[in-house]
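User: I would like to go through the charged side chains of a protein with you, one question at a time. Could you take me through the reasoning as well as the results?

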Amino acid sequence: MGGTTLTRADLAETVYRQVGLSRTESAQLVEMVLDEICDAIVRGETVKLSSFATFQVRSKNERVGRNPKTGEEVPILPRRVMTFKASNVLKERILDAHRAASLPEVTAKAAKG
């Protein structure tokens with residue numbers, strides 16, 4: 001999976017295959033779900049997708065930053081940012097996949113002695 005990107009078209013194709021809607025209906029469904037998530041985030045609401053992640057808008061205060069090239073101090077204006085916090089279920093799935101992928105390497109190294 002390294003280096004690949006999951007796109008809206010990929011999601012729509014999966015809905016098409018799994019649910020049985022037409023390709024057009026599947027694409028519309030994916031768009032509707034993503035639009036609803038985006039609209040909620042823009043409104044400042046927290047979006048929690050159980051067993052996946054939480055998207056939340058945070059307000060950041062004004063602060064002083066530094067230009068790394070010149071060292072000059074510059075003000076960073078207050079702003080709102082979106083945060084993504086993976087659920088423990090998602091984190092565990094990622095760790096399990098990582099462990100499974102690295103297991104053949106460990107086994108091969110152990111066999112070489």
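Analyst: What follows is a set of questions and answers on salt bridges in this predicted model.

User: How many salt bridges does the structure hold?
Analyst: A pair counts when a side-chain nitrogen of Lys or Arg lies within 4 Å of a carboxyl oxygen of Asp or Glu. In this predicted model, the number of salt bridges that the structure holds is eight.

User: Which helices hold R23 and E13, the two partners of one salt bridge?
Analyst: The side chains of R23 and E13 meet with N and O 3.1 Å apart. This pair links distant parts of the chain, with the partners 10 residues apart: E13 lies in helix 1 (residues 8-19), and R23 lies in helix 2 (residues 23-42).

User: Which residue is linked with E13 and R23 in a network of salt bridges?
Analyst: R23 and E13 already form a salt bridge with each other. The network of salt bridges that includes these two also takes in R17.

User: Is R43, which pairs with E45, buried, partly exposed or exposed?
Analyst: R43 forms a salt bridge with E45, and their closest N and O atoms are 2.8 Å apart. Partly exposed covers the range between under 20% (buried) and over 50% (exposed). E45, at 37% relative accessibility, falls in that range. Because R43 has a relative accessibility of 48%, R43 counts as partly exposed.

User: Are E73 and R66 buried or exposed?
Analyst: The side chains of E73 and R66 meet in a salt bridge, at 3.2 Å from N to O. For exposed, the relative accessible area has to be over 50%. Both E73 and R66 are exposed.

Key
Residues are numbered from 1 along each chain as its sequence is written. This is a predicted model: local features need pLDDT of at least 70, side-chain atom pairs count only at pLDDT 80 or more; totals for chains, interfaces and linings use all residues. Side-chain values use heavy atoms; hydrogens and water are left out. Helices (H or I, at least four residues) and strands (E, at least two) are DSSP runs, numbered from the N terminus. Buried means under 20% relative accessible area, exposed over 50%, partly exposed in between (1.4 Å probe, protein chains only).
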